[in-house]
Amino acid sequence: MGNEHGKKSSSSGSIELTPQRIALLKVNTKYSDQEIRDWHAGFLRDCPNGKLDKKQFTAVYKQFYPTGKADNFCKYAFDTFDANGDGSIDFDEFLLAISATSHGDIDDRLAVAFDMYDISGDGQVDLKELTKLISAMYDLTGETDRKGDHDPKHRAAEIIKNVDASGDKKLSKHEFIAACKNDPHIRKMLAPNV
């Protein structure tokens, strides 16, 4: 999916996959030269204009989660991955997002999740934001059991109650990561392969 010939890429200056760009992406991801080239070729095939818009982004996630509903999750993820805020995701932003969400360690993946759901941008996730996160993850993964302990608002309240060290009913990034690592159900949804 990606950047096409002759177009400009906001994060790299050009769509062309130069040796300098590959070197920069290698440093910031865990991909080899060939893997970066393969991702780039796929990105260009799927996004010939070199940009992935919100609709295309959601379609990509729907391929990865065919039994879930990606729309709710993608609403938050897109804005997080559109690092320069131009309303589209270029190849560099795409590859960094893929790397962070699929190859990062548990803390890296949970940090990305925190950034996605810190909707207010205040460096804290409150009950409302955490409830939205859990609901979106349920939607994405096709989780239908939302009663009792699995109710998103109940689960969010329990997580906050158990790890809110400051008592402000909000979670800092550190508290959020600790909370998610200690909740096997949430951990499995946010970082399934770790």
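# Briefing on a predicted helical chain

Ala178 has a relative accessibility of 29% and therefore counts as partly exposed, the class between buried (under 20% relative accessible area) and exposed (over 50%), with a 1.4 Å probe and protein chains only. The model is predicted, so local features need pLDDT of at least 70 and side-chain atom pairs count only at pLDDT 80 or more, whereas totals for chains, interfaces and linings use all residues. Residues are numbered from 1 along each chain as its sequence is written, and side-chain values use heavy atoms, with hydrogens and water left out.

**Fold and dimensions**

- The chain contains 10 helices and two strands, where helices (H or I, at least four residues) and strands (E, at least two) are DSSP runs numbered from the N terminus.
- In sequence order, the elements form the pattern α-α-α-α-α-α-β-α-α-β-α-α.
- The radius of gyration is 18 Å, which agrees with the value near 16 Å for a compact globule of 194 residues; this radius is taken over C-alpha atoms, and the globule rule is 2.2 Å times the number of residues to the power 0.38.
- The C-alpha trace of the chain spans about 55 × 30 × 30 Å along its principal axes.

**Burial, contacts and charge**

- Of the 194 residues in the chain, 45% are buried.
- Among contacts (heavy atoms within 4.5 Å) with a separation of 6 or more, 62% join residues that are 24 or more positions apart.
- Carbon and sulfur atoms hold 52% of the accessible surface of the chain, which comes to about 10000 Å² by the Shrake-Rupley method with a 1.4 Å probe; for residues, only the protein chains shown count as cover.
- There are 27 positive and 32 negative side chains in the chain, and the centres of the two sets are 3 Å apart.
- In this count Lys and Arg are positive and Asp and Glu negative, with His and the chain ends not counted; each charge is placed at NZ of Lys, CZ of Arg, CG of Asp or CD of Glu.

**Annotated domains**

- The unreviewed UniProt entry places the feature "domain: EF-hand" at residues 69-104, 105-140 and 151-186; positions follow the numbering used here, feature names are shortened, and annotations may be inferred rather than shown by experiment.
- Residues 69-104 are 64% helix and 0% strand, with 24 Å between the end C-alpha atoms.
- Residues 105-140 are 72% helix and 8% strand, with the end C-alpha atoms 21 Å apart.

**Met137 and Ile15**

- Met137 belongs to helix α7, which covers residues 127-141.
- Met137 counts as buried because its relative accessibility is 5%.
- Lys69 is 68 residues from Met137 along the chain, and their C-alpha atoms are separated by 9.1 Å.
- Ile15 is found in the segment before α1 (19-28) and, at 2% relative accessibility, counts as buried.
- A distance of 33 Å separates the C-alpha atoms of Ile15 and Met137, which are 122 residues apart along the chain.

**Helices α8 and α9 and the loop after α8**

- Lys153 is placed in helix α8.
- Leaving aside neighbours within four places in sequence, Lys153 is in contact with Leu127 and Thr131.
- The C-alpha atoms of Lys153 and Thr131 are 5.1 Å apart, with these positions 22 residues apart along the chain.
- Lys169 lies in the loop between α8 (152-163) and β2 (170-172), and its relative accessibility of 62% means that Lys169 counts as exposed.
- Lys169 has a phi near 60°, a positive value in a residue other than glycine.
- Most residues other than glycine have a negative phi.
- Ala178 is part of helix α9 (residues 173-182).
- The C-alpha atoms of Ala178 and Ile159 are separated by 9.8 Å, the two residues being 19 apart along the chain.
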